[in-house]
Amino acid sequence: MDKQELLDTLHSASKNIEHAFLTLSSLFPELLRVQHNSSSKLLREGLKSLSDGNQDMIAQEEGFFGSRDSVYTPLLEKLNQEIDALGKVNVQVDDIRHCSEDMELIALNAMVISIKSGEKGRAFSSITENLKRLSNEMIVYSAKLIDEEGVLIKNINTLKDMFSTISASQQGVASQCFSGTAILKTLLDGVGAPLEQIETKAETVWPPISKAMEGIQMQDIIRQSLDQVVICLNEILPVAGTMSDEQFLDTVSLNAELYQVAIEILRDISGNLNESNTIFSNNWKTVTDILNMVDELRVSYIDTFLQNEGKEKSLMTSINELVDLYQSMLDRFSSSLVAQKDLVRTCHAISEKGRAMYLVFGDLRPVIGRLQHVRVLQQIEVAKNAAISAVKDSANDMDGLIMKANQSLDEMQNLIEVFLKEIDSLLASFSDEIASSNAVMADIRGKRSAFFSKLLASRDDIISIMQHFSVYPDGFSEKCDEVSRLLKELREGARVFSSVESTLSGQLADMQHRRTEKLSVRGLDSWEIQNDKFKSLIERFTITSHKKAAGKIAGIAVESGVDSGDITFF
């Protein structure tokens, strides 16, 4: 290989190495510039958002549903007490009804006697007709009281049933809420735990990348050394056959020394390049191992949560089941809210029926007053008319029945007044609690509905991210592949320099052999080079060790400076 071929080879290798070093100088900082748009980070952010929303709902729902029994139980107990009190009213209504029926029988007997008395009993007959009419009215009103009371009790029992239904409905909603949040938490934890493991492993790639970057520090000294090899080779002179012996010996000796300096510099280059390659290779192997392990974890992660048929449920299946649960939950929320509105209407119906009973008392009271008046007329007529003296005992019985009915009416009216007062207060508490409960339930439903929409959107986002799941930022893998290719170029450059060094060593041996032959012909043992170009050559060297090597050959003292390899890389 002639000098020009050597120079071309060195130039090509130098250019490749310089390009590799410069590109690595750009790539390593780019790799170390941590970005936050990898799919693992996006997925973790999405999972965290769902988890936070899920946790907020747990806190609100536990506070609300957990207190329902403590709110409803005292109200239901009080309602039972009022139903018991209403039972006493029922006794009084039965008493009035029985008195009315007895008075009607007495009135019928009196009519029979008055008819038998003929003309003497005509006046009494008119009184007994009034007694019969009024006792019939008593029967009608007592029946009306019984009907109103029956509807009232039915409404109250309906209210109790509705409370039981609402309580059961709320328990069902609560159970679904707690079940849904628990399932979602388990699902999110299941998806998040291996993701955290992947990210933790992925983070370990940065230190060896940073460590591998230290190999770039040799690039400047290698470049300068290569320049100095070129300087040496350019100074090599051709050996012509027409030269005198003195010119021949001077030329081959000078060439030999130039080859020697070039070889020593190439050895320095190889040493520095090998040191860089060792730093690169050792650390980049660690980087490659980490990347392979992270990719294995990534593939396993995708396989776990985006599985095919025949395996356990996929993430999509699990989320879809959760979506169905949420839809059912929202339906139950709606049903519960409708039931509570029906409860309010029933409360109003109970109040209305209680007042309807009270109005019947207003109609019944005058009837009893007229009965008392008729009863006085009856007693007077019986006292002065011997023809109807047979009904004297019946008239006394009628007096007792009217007094008993009046007493029952007074007691019943007092009971109803107290009942209405208590039931109004109780129903007001019911209504307030229902209104408050409805407001909270509506708020919870609204948040659940919003979260449901978020879950639907997140489902599609999560599945999309997993289908294109990556751990490192976009372009990271391509940059790593480029680094691997450039490191291969540096290793190839080291082999080229070794090859050039071997060639130069061969040419050095040739020059030394030719010089030895010529010295032998002339009968000389050595030759002192007369050409002083080494002096100018040394001044063109920038690395102290190379100056010293050339100066030693030329017999020139070179002052000390910065040691080889101490040039700072920027």
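In this predicted model, Arg485 and Glu489 stand four residues apart in helix α10, so about one helical turn separates them. The two side chains form a salt bridge, with their closest N and O atoms 2.5 Å apart. Side chains of opposite charge can pair when their charged atoms come close. Neither partner is buried or fully exposed: Arg485 is partly exposed, at 36% relative accessibility, and Glu489 is partly exposed as well, at 25%.

Salt bridges that share partners also build a network, which joins Asp245, Glu246, Lys518 and Arg522. Within this group, the side chains of Lys518 and Asp245 meet in a salt bridge with an N to O distance of 3.2 Å. This pair links distant parts of the chain, since Lys518 belongs to helix α10 (residues 476–522) and Asp245 to helix α7 (residues 245–305), 273 residues apart. Lys518 is partly exposed, with a relative accessible area of 22%, and Asp245 is partly exposed, with 26%. Lys518 has a further partner of another kind: its charged end sits over the ring of Phe248, 5.1 Å from the centre of that ring.

Another salt bridge connects Glu214 with Lys211, and here the closest N and O atoms are 3.5 Å apart. Glu214 has a relative accessible area of 34% and is therefore partly exposed; Lys211, at 41%, also counts as partly exposed. In total, the structure contains 25 salt bridges.

The discussion now turns from charged side chains to nonpolar ones. In soluble globular proteins, nonpolar side chains tend to be buried together. The largest nonpolar core of this model has 94 residues, and the members that touch the most others are Phe28, Trp284 and Tyr472. Helix α7 gives the most to this core, contributing 21 residues. Which residues does Phe28 contact, leaving aside its neighbours within four places in sequence? They are Ile209, Ala212, Met213, Ile216, Phe280, Trp284 and Val483. Apart from this core lies another, of 48 residues, whose members include Ile166, Val367, Ile416 and Leu426.

Aromatic rings can be followed in the same way, and the structure holds seven aromatic pairs. One of them is formed by Phe21 and Phe280: the ring centres are 6.4 Å apart and the planes meet at 45°, so the pair is tilted. Phe21 lies in helix α1 (residues 3–32) and Phe280 in helix α7, so that the pair links parts of the chain 259 residues apart. Both rings belong to buried residues, as Phe21 has a relative accessibility of 1% and Phe280 one of 0%.

A second example has another geometry. The rings of Trp206 and Tyr472 have centres 6.0 Å apart and planes at 90°, so this pair is edge-to-face. Trp206 is found in helix α5 (residues 206–212), whereas Tyr472 is in the loop between α9 (392–467) and α10; the pair therefore ties together parts that are 266 residues apart in sequence. Trp206 counts as buried because its relative accessibility is 14%, under the cut-off of 20%. Tyr472 is likewise buried, with a relative accessible area of 12%. Ring pairs also link Phe21, Phe28, Phe280 and Trp284 into a cluster. Two members of that cluster have appeared already, for Phe28 and Trp284 are among the residues that touch the most other members of the largest core.

These details can be placed within the whole protein. How many helices and strands does its secondary structure contain? There are twelve helices and zero strands, and the pattern along the sequence is accordingly α-α-α-α-α-α-α-α-α-α-α-α. Of the 570 residues in the protein, 42% are buried. Among contacts between residues at least 6 apart in sequence, 90% join residues at least 24 apart. The links from α10 to α7 through Lys518 and Asp245, and from α1 to α7 through Phe21 and Phe280, illustrate how distant parts of the chain are brought together. Finally, the accessible surface comes to about 28,200 Å², and carbon and sulfur atoms account for 51% of it.

Definitions and conventions: Residues numbered from 1 in each chain as written. Predicted model: local features only at pLDDT ≥ 70, side-chain atom pairs only at ≥ 80, totals over all residues. Heavy atoms only, no water. Salt bridge = Lys/Arg side-chain N within 4 Å of Asp/Glu carboxyl O. Buried < 20%, exposed > 50% of the residue type's maximum accessible area, 1.4 Å probe, protein only. Helix = DSSP H or I, 4+ residues; strand = E, 2+ residues; numbered from the N terminus. Core = buried A, V, L, I, M, F, W, Y, C linked by side-chain atoms within 4.5 Å. Contact = heavy atoms within 4.5 Å. Phe/Tyr/Trp six-rings, centres within 6.5 Å; stacked < 30°, edge-to-face > 60°. Lys NZ or Arg CZ within 6 Å of the ring centre and 35° of its normal. Areas by Shrake-Rupley, 256 points an atom, 1.4 Å probe, with all protein chains shown as cover.
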